[in-house]
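Got the model open in your viewer? Let's walk through it one selection at a time.

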Amino acid sequence: MIVESIVTTVDADGRVNCAPMGVEWGDEVIVLKPFLDTATYRNVIATQAAVVNLIDDARVFARAAISNPEYPTKPASVVRGVVLVDGCSWRELAVHSIDSTPPRSRIEMDVVPTGPPYDETPFTFTRVPRRICAPPMQRKPSPKTTPLPPLICVVPW
Ligand SMILES: Cc1cc2nc3c(=O)[nH]c(=O)nc-3n(C[C@H](O)[C@H](O)[C@H](O)COP(=O)(O)O)c2cc1C
């Protein structure tokens, strides 16, 4: 299953990068496929780590796809990286193997056991065909963001 996520990484100097990435989701291994010219790829090579954040605010996807917006973060508990404070859930990841065949890498990453289980996550964007992928929001809106109405999203492919 591909889950649309916000991948946070840090560079060698600790600067944070946020990027939307569709990741292959697994309980023990999550696969990232960043193109070789992305900051995400460079940062994972540098730190051997990433955090996959699940978040229900589509604006974060839109902004992070075209820029590197700054959002509140907290340090990851085990790997070198940060967690989005306003996310619904997250996974800390450590590199298991890297295939850097151009143009797009395939990075298998071990899930570090932190964060709540996936089935307790109230919201994800997935690419399951024709699936209604977003139930009404169950999460209490963060006071730092504008509350969003319940969102139903039908993926048309
Ligand atoms: C929903 C969504 C999923 C994406 N998935 C990927 C992906 O798997 N790999 C990738 O390299 N770029 C992906 N992109 C594009 C990157 O987010 C975008 O090119 C980003 O600016 C590059 O990331 P960077 O900040 O790491 O340089 C995706 C974009 C969106 C909106």
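**Start at Val 51**

Select Val 51 and show what touches it beyond four places in sequence: Thr 8, Ala 76, Gly 81, Val 82, Val 83, Trp 90, Arg 91, Glu 92 and Leu 93. Keep in mind as you look around that this is a predicted model.

Now grow the selection to the whole of strand 4, residues 49-54. Are its residues buried or exposed? Buried, 6 out of 6, so the strand is largely enclosed by the rest of the structure. Turn on the side chains and look along the strand: Ala 49, Val 51 and Asn 53 go one way, Ala 50, Val 52 and Leu 54 go the other, and both sets are buried.

**Strand 4's neighbours**

Next, pick strand 1, residues 2-10, which pairs with strand 4 in the antiparallel sense through 3 bridges. Zoom in on Thr 8 here, since you have met it already as a contact of Val 51; Thr 8 is also the residue standing opposite Val 51 in the pairing.

Then add strand 7, residues 89-99, which is also antiparallel to strand 4 and is joined to it by 6 bridges. For a landmark on this pairing, find Asn 53 and look across to Trp 90 in strand 7.

**The nonpolar core**

With those strands still on screen, colour the largest nonpolar core, a set of 31 residues. Which residues have the most contacts inside it? Ile 6, Val 7, Leu 32, Ala 50, Val 51, Val 52 and Leu 93. Strand 4 is the top contributor to this core, giving 5 residues.

**Strand 3: one face in, one face out**

Leu 32 from that core list takes you to strand 3, residues 29-32. Show side chains again and you'll see an alternating pattern: Ile 30 and Leu 32 point to one face and are buried, whereas Val 29 and Val 31 point to the other and are not.

Follow the pairing from here to strand 8, residues 106-112, which runs antiparallel to strand 3 and is joined to it by 4 bridges. Leu 32 has Ile 107 as its bridge partner in strand 8.

**The ligand**

Now centre the view on the ligand, which has 15 residues around it. The closest are Ala 19, Pro 20, Thr 38, Ala 39 and Thr 40. Strand 2 (16-24), helix 1 (39-47) and helix 2 (58-66) are the elements that each supply two or more residues to this shell. Strand 2 gives the most, with 5 residues. Colour the shell by class and you get 8 nonpolar, 5 polar and 2 charged residues.

**Three stops in the loops**

First, go to Gln 48, in the loop between helix 1 and strand 4. Its phi is near 65 degrees, a positive value in a residue that isn't glycine. Most residues other than glycine have a negative phi, and most peptide bonds are trans. Gln 48 counts as partly exposed because 16 other C-beta atoms lie within 10 Å.

For the peptide bond, jump to the one from Pro 102 to Pro 103: it is cis, with omega near 0 degrees. Pro 103 sits in the loop between strand 7 and strand 8.

Last of the three is Ser 77, in the loop between strand 5 (73-75) and strand 6 (82-84). Why does Ser 77 count as exposed? Because it has 11 C-beta neighbours inside 10 Å, where 12 or fewer is the cut-off for exposed. Draw a distance from its C-alpha to that of Glu 92: the two are 15 residues apart along the chain and 8.1 Å apart in space.

**Zoom out**

Show the whole chain as a cartoon and you should find 2 helices and 9 strands, running β-β-β-α-β-α-β-β-β-β-β from the N terminus. Of its 157 residues, 30% count as buried. Among contacts with a separation of 6 or more, 60% link residues 24 or more positions apart.

Finally, colour by pLDDT. The chain's mean is 83, and 72% of its residues reach 70 or more. Helix 1 has the highest confidence at 98, while strand 9 (residues 125-126) has the lowest at a mean of 60. Two stretches to flag are residues 129-139, where pLDDT stays under 50 and the model has 26 contacts beyond four places in sequence, and residues 146-157, also below 50, with 18 contacts beyond near neighbours in sequence.

Note on methods:
Residues numbered from 1 in each chain as written. Predicted model: local features only at pLDDT ≥ 70, side-chain atom pairs only at ≥ 80, totals over all residues. Near = placed C-beta within 6 Å. Nonpolar A, V, L, I, M, F, W, Y, C, P; charged D, E, K, R; others polar. Core = buried A, V, L, I, M, F, W, Y, C linked by C-beta atoms within 7 Å. Buried ≥ 20, exposed ≤ 12 C-beta atoms within 10 Å, placed from the backbone. Contact = placed C-beta atoms within 7 Å. Pairing = 2+ DSSP bridges. pLDDT = per-residue confidence, 0-100.
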